[in-house]
Amino acid sequence: MRHPFDEIKKQIDNVAMSNKNVVALVDCDSFFVSCEQRVNPKLKNLPVCVLSNRDGCVIARSKEAKKMGIRMGMPYFMAKKDFPKAIYLSCQHDLYGEISKEVMAVLREFSPKVEVYSIDEAFVELTGLERLYKKNYTQIGEFLREEVMKRVDIPVSIGISSSKTLAKLASDKAKAMPEGVYRIHKKDIINVLEKTDISEIWGIGKNLTLMFHKNGILNAYELVTQTDIWLNSKIGIRGLEMKHELLGEMISPVDTSVKLPKSIQKTSMLSKFSSDLNFLKNSLNYHIHRACAKLRKIDAKCSGITLMLRTKDFKSYYEKRVLAKPTDFELEISNIVFELLEKMYNSEILYRSTGVILDGITQNSESQLFLFTDENADKKQRLTRCFDKLESKFGKDIIRTGFTPD
Ligand SMILES: [Mg+2]
């Protein structure tokens with residue numbers, strides 16, 4: 001059966017040529033705090049802050065915490081002293097990652113093109129969806145917002161316009177709107193640009209703001225009135241893209257390809273300096289397990305495996321093996337890591353930390369050809385999936401590929 005999106009996809013490609021795209025930026029409000037409030041609804045409508053790793057500083061604030069005057073990036077000890085009534089929570093990145101996936105899944109049901117931009121933001125192509133949903137684009141935004149709230153219990157703001165840069169600008173404005181949706185229409189672009197400070201534009205940081213200010217360019221309208229040649233000479237092609245995106249042309253389309261990490265690194269200090277081979281193997285097994293779990297999570301394989309050993313006197317040693325066939329199979333990876341270990345290990349040396357680095361990361365679909373050339377692949381695959389099922393049932397780290405101490 002044909003999916004209703006099939007037709008829309010074709011339309012998007014056609015419209016893209018005629019430059020009538022409509023794109024939304026869906027941005028979760030105070031995302032980490034909203035996740036905590038979903039898990040514990042008692043926290044709703046209270047001044048809540050989420051802290052960075054090891055409770056260093058404030059990285060997310062509820063509306064109420066913002067109103068109190070708690071600033072982003074404020075060190076925890078300072079915030080706690082100045083605002084003792086606020087609630088401070090340690091971050092739970094795993095939880096935020098899981099809820100993020102739920103949000104993205106709802107968006108993917110809505111549109112055939114979704115680009116996950118960060119853990120709490122995604123660009124959603126709306127071009128052509130007016131007809132499918134029988135609503136105008138602003139109403140589609142409102143519907144999408146209600147749907148995410150109803151199904152995932154996470155509030156979002158939605159900016160809509162004809163380019164990603166304008167959609168991003170619109171989402172900032174949407175945050176101040178009670179309905180949480182704001183659309184910048186083509187006819188309003190110039191008006192909006194005149195009121196937009198140069199520093200508010202997506203992709204313009206401190207240094208670029210300073211450069212524009214030095215040249216007397218203070219708002220977005222003044223930027224788009226510069227010549228292409230001038231912008232190119234100052235910040236290169238990025239400047240041209242910015243100008244045309246601000247004018248409502250979709251220069252950077254919604255990119256649905258999955259961005260794979262270049263490498264996955266798992267390293268840690270040992271609980272004590274050691275030259276005990278089995279102790280090192282144990283710590284490496286833990287790293288291998290976590291690295292492989294990550295591989296499976298992103299549905300990828302690796303072809304490069306590196307072992308890292310750091311000695312008591314901070315000397316680091318690396319040994320790498322490149323595989324002909326990419327793998328995500330834990331036993332295979334641990335066998336290789338242990339071979340490398342036997343090669344590098346020196347019983348005279350005390351080690352302080354160990355690590356495993358996987359690189360040459362490729363999507364599973366790209367390496368599927370190899371499945372048919374490896375008789376054991378199917379067995380391996382089933383075993384790996386079995387690990388994951390057990391883990392999701394009994395919790396993380398319930399099983400690991402073991403080794404028998406001599
Ligand atoms: Mg956000």
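**Exercise 1. The two faces of strand 7**

Task: Work out which residues of strand 7 lie on each side, and whether those faces are buried or exposed.

Solution.
Step 1. Start with the rule: in a regular strand the side chains alternate between the two faces of the sheet.
Step 2. Sort the residues: V156, I158 and I160 are on one side of strand 7, and S157, G159 and S161 are on the other.
Step 3. Apply the cut-offs: a residue is buried with 20 or more other C-beta atoms within 10 Å of its own, exposed with 12 or fewer, and partly exposed in between, with C-beta atoms placed from the backbone.
Step 4. Both faces of strand 7 turn out to be covered, and six of the six residues in strand 7 (residues 156-161) are buried.

Before going on, please note that this is a predicted model, in which local features need pLDDT of at least 70, side-chain atom pairs count only at pLDDT 80 or more, and totals for chains, interfaces and linings use all residues. Residues are numbered from 1 along each chain as its sequence is written.

**Exercise 2. The partners of strand 7**

Task: Find which strands pair with strand 7, and in which sense.

Solution.
Step 1. Fix the terms: helices (H or I, at least four residues) and strands (E, at least two) are DSSP runs numbered from the N terminus, and two strands pair if DSSP finds at least two bridges between them.
Step 2. Strand 1 (residues 23-28) pairs with strand 7 in the antiparallel sense, over six bridges. Here V23 has S161 as its bridge partner in strand 7.
Step 3. Strand 8 (residues 181-183) pairs with strand 7 in the parallel sense, over three bridges. The bridge partner of G159 in strand 8 is Y182.
Step 4. Add helix 8 (residues 164-174): strand 7, helix 8 and strand 8 make a left-handed β-α-β unit. For comparison, a crossover is right-handed if, with the strands pointing away from the viewer, the path from the first strand over the helix to the second runs clockwise.

**Exercise 3. Helix 8 meets helix 13**

Task: Describe how helix 8 and helix 13 cross, and which residues meet.

Solution.
Step 1. Axes are lines fitted to C-alpha atoms, for helices over the stretch in contact, and angles run from 0 to 180 degrees between N-to-C directions. The axes of helix 8 and helix 13 (residues 237-246) come within 7 Å and cross at roughly 65°.
Step 2. Contact requires C-beta atoms, placed from the backbone, to lie within 7 Å. On that basis K164, T165 and L166 of helix 8 meet M242, E245 and L246 of helix 13.
Step 3. These residues divide into three nonpolar, one polar and two charged. In this scheme Ala, Val, Leu, Ile, Met, Phe, Trp, Tyr, Cys and Pro are nonpolar, Asp, Glu, Lys and Arg are charged, and the others, Gly among them, are polar.
Step 4. Look at the rest of helix 13: its buried residues are G239, M242, K243, E245 and L246. They pack against helix 8, helix 9, helix 11 (220-224) and helix 12 (228-235).
Step 5. Just after helix 13, G248 takes a positive phi of about 95°.

**Exercise 4. Helix 2, helix 5 and a sheet**

Task: Explain why helix 2 and helix 5 count as roughly perpendicular, then place helix 2 on its sheet.

Solution.
Step 1. The axes of helix 2 (residues 31-39) and helix 5 (residues 93-110) come within 10 Å and cross at roughly 90°.
Step 2. Angles under 35 degrees are roughly parallel, over 145 roughly antiparallel, 65 to 115 roughly perpendicular, and the rest oblique. Helix 2 and helix 5 are therefore roughly perpendicular to each other.
Step 3. F31, F32, C35, R38 and V39 of helix 2 make the contact with L95, Y96 and I99 of helix 5. By class, that gives seven nonpolar, no polar and one charged residues.
Step 4. Turn to the open sheet of three strands, with order 3-2-4 and mixed pairing. Its edge strands are strand 3 (58-61) and strand 4 (87-90), each pairing on one side only.
Step 5. Strand 2 (residues 48-51) runs parallel to strand 4, joined by four bridges, and C49 stands opposite Y88. Helix 2 packs on this sheet, touching strand 2, strand 3 and strand 4, and its direction makes about 110° with that of strand 2.

Notes. Two residues are in contact if their C-beta atoms, placed from the backbone, lie within 7 Å.
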